[in-house]
Every structure is written in structure tokens, then in C-alpha cells.
Amino acid sequence: MLKVEEQTPVVFSSELLAKFDDIKSRYPADKSKSALLPLLHLVQAEYLWVSTPAMDKVAEYLNIQPIEVYEVATFYTMYFLKPQGKYALEVCRTGPCCLVGAEKILSHLENKLGVKEGEVTADGLFSFRGVECLAACGYGPVLQISPEYTFYENLTTESVDKLIEDLKNKI
Amino acid sequence: MSEKVKVTIDGITVEVDNGTTILNAARQIGGDIVPPAMCYYSKLQGSGGKCRTCIVKVTKGSEKDPRPMPKLVASCRTTVMDGMEVLNITSPEVLEARAGVVEILLINHPLDCPVCDQAGECDLQNLGYEHGLQKTRYEFERRTFERIDIGDKIQLHMNRCILCYRCVFTADQITNKRVHGILNRGDHSEISTYIQQAVDNDFSGNVIDVCPVGALTDRTFRFKNRVWFTKPVDAHRDCDHEKCNGKVTLWYKGADVLRVTARKDQFGEVEEFICNTCRFDKKATADWVIEHPTHIDDTSVIASNHYETLKPLHVIQPNEALQAANEIELHKTVKY
Amino acid sequence: MSRKLLLEHINVPGINTLEVYRQKGGYRAVEKALKTLTPEEIVEEVKKSGLRGRGGAGFPTGMKWSFLAKPEGVARYLVCNADESEPGTFKDRYLMTYIPHALIEGMIVSSFALGAKVSYIYVRGEMMPQIRILEKAIAEAKAAGWLGKNILGTGYDLELYVQPGGGAYICGEETALLESLEGKRGNPRIKPPFPAIAGLYGCPTVVNNVESIAAVVPIINDGGDEYAKIGIGRSTGTKLISASGNLVKPGVYEIELGLPVEEFIYSDEYCGGIANGKRLKATVAGGSSVPVLPANLTLKLANGEPRLMSYESLSEGGFATGTMLGSGGFIAFDEDQCIVRNTWNFSRFYHHESCGQCSPCREGTGWMEKVLHKIEHGHGTMEDVDLLWDIQRKIEGNTICPLGDAAAWPVASAIRHFRDEFEWHIKEPIKSQSQNYGIANYATPIEKAPVAEEK
Ligand SMILES: Cc1cc2nc3c(=O)[nH]c(=O)nc-3n(C[C@H](O)[C@H](O)[C@H](O)COP(=O)(O)O)c2cc1C
Ligand code: SF4
Ligand code: SF4
Ligand code: FES
Ligand code: FES
């Protein structure tokens, strides 16, 4: 059961709503529920996570029941149902990447960031988690950073250190 | 396409309408050869295929194409072909596979029958009794969830849920605004109303009746009681809800109506869905016109322990696994 | 050098743009198809080519197309399966990243052949960069008149959209993909009906893998018969193989089907051998779902003949000594890798990805993961190995979709071929935490069986 956190109501900007409309136009008029997954991605790109009020708003926009949105948002792994770090690092932890050292990268991140999987660093900048195969097995270990899903391949502990420094300096 | 086709199940031949499923053909024959169905529900569109307890072996595909089917099939979602031959209880392979499904359904089940309101009318308990292994081979911690009240009438005990999706289909097809669904994925899936929104629809109470286990139960069931101590009686009232015909079963203890349910047929399915007023608010004999005692199938667990015997439920006794898992709870039942 | 049909121009700078793609002969197939061929003739060419689905199941594409129902007045859809999530497989991502127009060109020709007016490319959500690449390429193609209304003045209209997934391996299963595209949970549908009769929005639908659709382009350009000349037996054409694991040169390779496995692993044209001078212990030849094989059975059939990269040769010997080409995800394990650990890792993957609809898969995958975790961490017993065997048997063949089988096969094959490694973990609970079992006799060459005398 998902907990209801204290959440302020959400108002979608007109730019966001314009994007919603564009996506909705891709499907037959009575099938606009098809827009649900892309819309949730847009919401997440905007707010960095998907809150219950945001889901309710999406339901309202698509004219479906809120439970239909919750069912979908909780089924798929990409939707963050609680706030993450500004940079959410996702490292592949599946077989082929483990053959070339993915587990080392994960434990290195844990040490480097000083938080456990799923937690956010005190400065709010980073969170990380292991995810399943990202379809880049030949270039492992790999990680991606949402919300842009920029991709980094052939990771080493050094390249991860550098990446984190770069991200810190970016702000 | 109303031509009839012939199908033979465990050596018994029956003629059924084209398009009938193996399970429904077996139900037309009736008796022991009817495969158990934990998720299929004839009144719910799209149900079935999920629990895999109804599996059977097709030894001959049809007259035209007599090849056997390579795998066991879910009888609830496989339609018969003319000349098809099917084995259910006469196939050791089917029985073994079904026992396997039952074992798998029980690995995360709390085995808390002694304290479960459904005990005595639970399909899983019946199945576990028939196919149960003497010892569970699952040695890991069972999945657990908090118990949740869905409004003031229904309680969800997610630990017991076998994810048959019947309640979701009911909410979708029988009630007019679905607030109830399945969250998460895989073995983390759970039935939920997300924000514990009260399910306050006129027909929401039907989810209790369709639930094959004790996951959704009636909170208004007055004083907790074991169903086999209660006496079911068919009754009706003149219900003014347009979609409810007021035909129910009243469950009595002494002179008190403990709960009201829809009437169920011999396969455990409700005959007709009833409204929440009939179910939750009419608990006086004066509300009802009594017809006659409900017929209970001899083979059901309720029948074998029917009425006032005060022994603990007999299905618990021969199954060591159930007993071990419920040692403390079994002691408690003495207090009932 | 063997023939390349899909990746011929992969190294041409700018091949991801419409301009360069056109210079290299791109969109010829669209012109030829729309202007000179009827939809039926295209289906016929694809049938003649012998092309088999590249998404994993290997079902003949032309035949699949000919099953598509064509009721009057009902829309038909082509949906491209770009959900690529099978561990070990990364060829579709490669193709979409570097030559997006190959997929778009294939989509136009295929949509025309099937009579689809709107088509979708369902890309796994994690591939946002590829989604951006495709959307840009589609915009380019549309601006140049290859998409939209009245394409090339032929009166054929086509809209092509990219749909992101939300993160779920199961959405690669075609009916789960359609559910997901309808904005629902990715629960596979119970078949029948098959998508060819009732697919997207209940309309007749074909779902094809990215590579299958891209392969339609050379088939139309050169003719189905030419395509069928490449390859071996019923494995016609070229195939993209994603090579990963402990190889000198992992990556995506286009091979002619029928290439000896040994050549693929060791030749410099392909993977260049095992990394760091180590020896090969085992392979998973077609993506995580197919049976794992020890090195000796990877290179040779049970009778000592060389094993080839083809649908038939890889599955030669059934599951007793063979495996499957699957999606072409070739994973190599060197002598220091632990089969028990990898089996546990894969079982965690399937547990995590089970949609949870049917009980054997929902409960069984988690159970297998827990038992494997226990063995891998030195707490297993001999009975656990038998229990694992039993659980996978309960799942296999008794589920709504093939994910159940995909979860069972890696476990079954690991026990079948590497049972002694499992037993070593149990007998040596402490040692197994710091050392590896090693290569044992897994690479011992298989002798050629003496040719049986004819009687
Ligand atoms: C669990 C599961 C995952 C699958 N994943 C993919 C996938 O990622 N990509 C794909 O093309 N096919 C996948 N398939 C196969 C598809 O169901 C389907 O067979 C394929 O898209 C058909 O295309 P093809 O005939 O061109 O191969 C998967 C199947 C299953 C059962
Ligand atoms: S709560 Fe009951 S009816 Fe609903 S899915 Fe679970 S077992 Fe089935
Ligand atoms: S086999 Fe697994 S993934 Fe497929 S439908 Fe059943 S539970 Fe879902
Ligand atoms: S296993 Fe890591 S990307 Fe495939
Ligand atoms: S009743 Fe047929 S699968 Fe559940």
C-alpha cells in the first residue's frame, strides 16, 4: 500500500499541457489512455518524481480513474514514487555486466556517496540504485542518469569518481 | 455458430455448444471430474488463466487434428474442439502438476485457517486438503502485509490473497467507478485502493463473495464466528435497487443473522450479485422472507462439518504442515 | 569478410542523418515498394526470403504477415518491438542509435505491406536517447515526404510514432507490449486470440522486432531469393549478434547465419577470443533465457561436429546438449566466473520482472531466487539442488506467457551441465565464498564420434 505523504496540489504549466496534447493526438480519439506512460515520463522530467496529486491530475486529464494511473505507475520501475536526488544514478546489476565488474561499481558508489541504495545524499544531489539490464551489455559496466537518461559505458571506479565530480561542479 | 461439438473428459462424453471451454464442458458433466477453478468466474469477463489450478491434459486435440497438446492447458481458457479428449483426475501428470500449483500457492500463504473467516468455505483450503503435501519445503520468510480496512464494511487481509484478480474484475464490471485495483508487480503485487478510499459503491460488497480465499471479508459479520457453526438459509426481500433482486443466503447462529451473502451455485459462484443494502444493512429476520435451508454440496468442507459440531475444522488435522504453522492459533480456537 | 546487409554503412560519418543515409542508397526500398509492388508482392518477397523473427522466437516473418486478418473498415497496426531488455541483447539499441533510418525505412515498407496507416515503435523507456534520435529522424523523414500524407504521390498515408515504455522486461512479450501501449499494466494477454486477429485496440496487429523490420529493406532491394541465398538451411540471411562478457572485443556483429561458433568467438573479425588470455568456461548463446552450455558443447555438437551460429545448429541435441539462438545475445564466461552466482543473478532478474499474473511464475521465480541465493552464499544443502529442479519443472510450460519458461531454463540447464559446481558450493561452504570452482572439465574437447557403419 502506498502511503499518502503531505502533498501540495499540483498545477501543470501550459507548456507541459501543450506537450500532453501533442502526445494525446497520436492515438485514436477514444484511446487516449495510451498516452499514460509518456505523460508520466513528462511529469517525472518536470518534477523529478511522480506524486499522488500529480497522478490524480493526469487521471483527470485523460478522463480515467486515479486507480488506473496508480496501477500503471507502480507496475513500471522507471517512475519514482518518492523524491530522488537531482541526479538519480542507475547502474546495471544484471549478469553480463557483473561479469565485467558491475558489483564493484555499485559498492564503490555506496562508499563514495555515503548513502545506501535508494537513499538521497544530504545535499539532495545524488541517489543511486541497481537496475536490470540496460541493453548495453557489451559496454559494461554501465550507468544512466535520469531525468535525461544520459548514458555512461565501460565504467571504472576512476571514471565514476570523475563523473560525480563533474556533476557536482555543474551546479 | 450454434452447432454442437463432442468432448470426452476422463472417459465421459458430453455434447456442448461450440465455443464452450473445457472447464464449462466439465461442469456440464459435473461431479469429481470438474477441475478446481480459483480465478475463473463465469460471471466476470476476462477472468481465468491465472491460478493454473484448473489445468488438464488434452490427449487428442480434435477429430480433425488428433495430435495431443504439448503442454497441460488451463481448462478455463481453452475451448473444446469436436472430438477432443481430455484427462483430468485420471491423469497422474495432471494431479502432480496441480499439487505443484497448490504447493506454490501456499508458499506465501499464512496458513492461518484457524483464525480466518473464510475457513470452511475456502477454495484454497479445500485444495490444500486434497492435494496438500505433508511438509512445506518453503523455508523462507513469508510475504506479509498490514491488514487494511476498506471503508467500514470490508476488510482486506492481503497476506491471504492469491491474486486471482476476481475482485478487480468485479470492481470494474459490477460497480460503476473503480477505485480498487492491483498495485506493484510480480510477487509484490497487492490489491489496493491506494489511499484506502472507502469502497462505497452500491455493489462493492460483491468483492467479498467472489474472493476464493479469506482476503476480502465482511466487517459487519457480527461476532466473529466459524462458518460451520452457522446455518445458511435462503431468503429474499423486495429490494428497490434496480439491479438487485434481493435473493440472498442468510447465515444464522441461533436466532441471529450473522451475515448476508449472495446465493452460490454448486461451483461456488454467486448466482446473482446483490447490493450493499441487502448485504450490510439488513440483519434482522424481519427484513426477509425465508425460503428454505441452503443446499450444501456433500463434498464441500462445510458439509462435512456442518452445524453444531464443536471440533476444530477437520481439514486442519491431517495436514502436519498446517498444524505446525498454526500451533498457537489452533489453541486459540478452543476458546470459540 | 562476410556480407553485411544491415551494418554495411555503419561507419560512414553522418549515416544517422537522412542526407547521408540517402547518399548510401537509403529509402530505395520505399520507392521500389510503394511505386512498383503491391502489398501482397511484398509479403511474398518476405516469405521467399525465409526471414525469421529476430526478437527471440524465430517465427517466419512472411508467414506471420500473411496471418494478419483484414476485415473491412477496421484499422490494422504494425507495432515495432524495441523493448530490448533480454540480458545479453543490445543489438536493437545499436541499430537505432547509429542508423535510425534503417528502421524507419523498414517500418514504411512493412506498414505499406500490411496496410497500416498508423504505426508505433515501442521503445523501452530507459532508451530516452534513442527515442530522441528516432523522433528526430522521423521528423526528418516526414519533412522530406517519406512519411505523412500521400507518400511519393502514391496516395499511401502513414504516421509513425515512438512510444516509450516505463521499465518492464515483460513488455517485450508482444501482448504485454500491446497492453502497455494501451496505457495499462504490462500483463501478457491470454492467447488466443492472437494479435493478428485482435491486437492493439482489438484490431489486427503485427508485432515485429527492430532487426526483423530493418531486414525487410535489403529483402525488398535485392529480392527475397537473394536474401535466402545467404545463410544455411532454414537459417537464412544475416543476424546481429550482441556479444558480451569476458571477450576481447565485445560488441554488436553482423554475421551470416551458419558461421562456426568457434570462429565467432576466436577470430579477429569478430570477438577476438577470451579477454586477458583466459579460457572459455561457458556461454549463453542467445540471451539470458536460453540454456547455458559448457565451453565444449558450445563449440561442438555432442557428436564432435562443429556447432554453427544458426537456429538449427544451436538447438541441435535439444536441451540435453543444445541451446537456442534466441535473440542473439551471446554471453561468454571465462574460467574464473561462477555459474552458481550467475544463475542466481539471472533468477533474481526473472523474479524482479515477473508480471505476477499467474501463480507458478509469480511465486516460483521468487522461490528459486531464494534457494539459489542460499546456495551461492554457502548455506545450501544437497536437497536444495533437487528442490530447485522441482520448482523449475513446476513453472516450465505452466504459465500464461513464455517468461515462466525463460526463468526455468537457465536454472535447469545450469543444474544439468554444472551440477558438480553446485555441489561444490554446498560441500565447501567456506572455500566457495572466496574461491572459484574453476573450469573443471567444462572445456574438455568433445571427440568426434566414430561414423556409424552403414548396414
Ligand atoms: C518475456 C519476453 C520478452 C521478450 N522481449 C522481447 C524484446 O525485448 N524484443 C523483441 O523483439 N521481442 C521480445 N520478445 C518476443 C516477442 O514476444 C515477439 O515474439 C517478437 O517481438 C516478435 O517479433 P519477431 O517475429 O520479429 O521476432 C519477448 C518475449 C517474451 C516472452
Ligand atoms: S483479494 Fe481475493 S478476490 Fe481479490 S485478488 Fe485477492 S484472492 Fe482474488
Ligand atoms: S509467466 Fe510470469 S510474466 Fe508471464 S504472465 Fe505469468 S506471471 Fe506474468
Ligand atoms: S547486463 Fe548490463 S546492460 Fe545488459
Ligand atoms: S481457474 Fe483456470 S487458471 Fe485459474
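How much area do chain C and chain A bury between them, and what percentage of it is on carbon and sulfur atoms? In this predicted model, chain C and chain A bury about 3800 Å² between them, with 56% of that area on carbon and sulfur atoms. The contact of chain A with chain B buries about 1500 Å², to which carbon and sulfur atoms contribute 59%. Ligand 1 is surrounded by 18 residues, and the closest of these belong to chain C.

**Chain C and chain A**

- The contact brings together 59 residues of chain C and 40 residues of chain A, and within chain C the residues that lose the most area to chain A are C:Arg93, C:Arg185 and C:Tyr201, which together account for 16% of what that side buries.
- Between these two chains there are 4 salt bridges, including the one that pairs C:Arg93 with A:Glu153, where the closest N and O atoms are 3.4 Å apart.
- Polar contacts across this interface amount to 26 residue pairs, counted where both residues have pLDDT 80 or more.
- Helix 15 of chain C (residues 339-353) provides the largest share of the side of chain C that touches chain A, namely 8 residues, and by class that side comprises 26 nonpolar, 20 polar and 13 charged residues.

**Chain A and chain B**

- Here 14 residues from chain A meet 17 residues from chain B, and 4 residue pairs are in polar contact, again with both residues at pLDDT 80 or more.
- The count of salt bridges between chain A and chain B is 1, and the side chains involved are those of A:Glu71 and B:Arg178, with an N to O distance of 3.0 Å.
- On the side of chain A that touches chain B, helix 3 (52-62) and helix 4 (66-75) each supply at least two residues, with helix 4 giving the most, 6 residues.
- That side of chain A is made up of 8 nonpolar, 4 polar and 2 charged residues.

**Ligand 1**

- The closest residues to ligand 1 are C:Gly55, C:Asn81, C:Asn208, C:Asn209 and C:Ser212.
- Oxygen atoms of ligand 1 lie 2.7 Å from a backbone N or O atom of C:Gly55, 2.8 Å from a side-chain N or O atom of C:Asn208, and 2.6 Å from a side-chain N or O atom of C:Ser212.
- Taken alone, ligand 1 exposes 600 Å², and the protein buries 90% of that area.
- Strand 5 of chain C (residues 205-209) contributes the largest share of the surrounding shell, 3 residues, and the shell contains 4 nonpolar, 8 polar and 6 charged residues.

Notes. Residues are numbered from 1 along each chain as its sequence is written. Chains are lettered from A and ligands numbered from 1 in the order in which they are written. This is a predicted model: local features need pLDDT of at least 70, side-chain atom pairs count only at pLDDT 80 or more; totals for chains, interfaces and linings use all residues. Side-chain values use heavy atoms; hydrogens and water are left out. Contact means heavy atoms within 4.5 Å. Buried area is the accessible area (1.4 Å probe) that two parts lose on being put together, summed over both. A polar contact is a pair of N or O atoms within 3.5 Å; within protein, one must be able to donate a hydrogen and the other to accept it, and residues adjacent in sequence count only if both atoms are side-chain atoms. Helices (H or I, at least four residues) and strands (E, at least two) are DSSP runs, numbered from the N terminus. Ala, Val, Leu, Ile, Met, Phe, Trp, Tyr, Cys and Pro count as nonpolar, Asp, Glu, Lys and Arg as charged, and the others, Gly among them, as polar. A residue is near a molecule or strand if one of its heavy atoms lies within 4 Å of it. Accessible areas come from the Shrake-Rupley method with a 1.4 Å probe; for residues, only the protein chains shown count as cover.
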